[in-house]
Amino acid sequence: QVQLVESGGGLVKTGGSLRLSCAASGRTFSSYAMAWFRQAPGKEREFVAAISRSGSSTYYADSVKGRFTISRDNAKNTTYLQMNLLKPGDTAVYYCAARTTSYTDRYYSVGSDYDYWGQGTQVTVSS
């Protein structure tokens with residue numbers, strides 16, 4: 001089992017940047033594919049970005065492609081989401097998620113694929 005703790009959220013102006021971190025407990029972080037999802041008030045949770053166990057494969061929602069970058073440091077048991085050129089529409093609670101997989105280079109973009117979730121971190125982008 002793994003526990004996930006997000007950090008790095010906050011209030012930023014349009015066009016600004018934030019970097020979210022997701023720290024995972026346990027010794028087998030490299031066994032997990034990771035992802036970021038977000039949920040805005042009154043809306044359903046949506047996929048943002050995913051990364052494979054090895055970090056070699058990544059996938060993004062069209063709405064963030066070219067602005068957000070997902071990465072991971074398996075030595076630090078941490079996944080990151082670098083968010084640039086933020087827009088008010090990016091305002092949401094951001095969650096990281098993890099699932100075990102035997103595939104080194106596979107990512108997953110559906111919420112139901114994931115077994116473990118963090119508590120979320122609020123990102124607010126002002127206009």
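Start with strands β4 (residues 32–39) and β5: they pair in the antiparallel sense over 5 bridges. The model on screen is predicted.

**Stop 1: across β4 and β5**

Select W36 and show what faces it. Opposite W36 stands A49, in β5. Now follow the chain through the hairpin of β4 and β5. The strands have 6 residues between them. Pick G42 in this hairpin and read its backbone torsions: phi is positive, near 75°.

**Stop 2: β5 itself**

Select residues 46–51, which make up strand β5. Is this strand mostly covered, or mostly open? Mostly covered: 5 of its 6 residues are buried. In this model, buried means under 20% relative accessible area.

**Stop 3: on to β6**

Add residues 58–60, strand β6. β5 and β6 run antiparallel, joined by 3 bridges. Which residue in β6 is the bridge partner of A50? Select Y59; that is the partner. The hairpin of β5 and β6 also deserves a look. Here 6 residues lie between the strands. G55 takes a positive phi in this hairpin, near 90°.

**Stop 4: the open sheet**

Clear the selection and color β1, β3, β8 and β7. These 4 strands form an open sheet in the order β1-β3-β8-β7, with antiparallel pairing. Residues 4–7 (β1) and 68–73 (β7) stand at the edges; each has a single partner strand, so one side of each is left without a neighbour in the sheet. Look along the sheet for its twist, which averages 15° from one strand to the next.

Zoom in on the β1 edge. β1 and β3 pair in the antiparallel sense, over 4 bridges. Select S7 and S21: S21, in β3, is the bridge partner of S7.

A general point helps when side chains are displayed. In a regular strand they alternate between the two faces of the sheet.

**Stop 5: the disulfide**

Finish with the cysteines. How many disulfides does the model have? The count comes to 1. Select C22 and C96, which the disulfide joins, with S to S at 2.0 Å. C22 sits in strand β3 (residues 18–24) and C96 in strand β9 (residues 92–100), so the pair ties together parts that are 74 residues apart in sequence.

Display the torsion about the S-S bond of C22 and C96. The angle is about 50°, so the disulfide is right-handed. Last, turn on the surface. Are C22 and C96 buried or exposed? Both are buried.

Terms used: Residues numbered from 1 in each chain as written. Predicted model: local features only at pLDDT ≥ 70, side-chain atom pairs only at ≥ 80, totals over all residues. Heavy atoms only, no water. Disulfide = S-S within 2.5 Å. Helix = DSSP H or I, 4+ residues; strand = E, 2+ residues; numbered from the N terminus. Buried < 20%, exposed > 50% of the residue type's maximum accessible area, 1.4 Å probe, protein only. Pairing = 2+ DSSP bridges. Axes fitted to C-alpha atoms, helices over the stretch in contact; angles between N-to-C directions.
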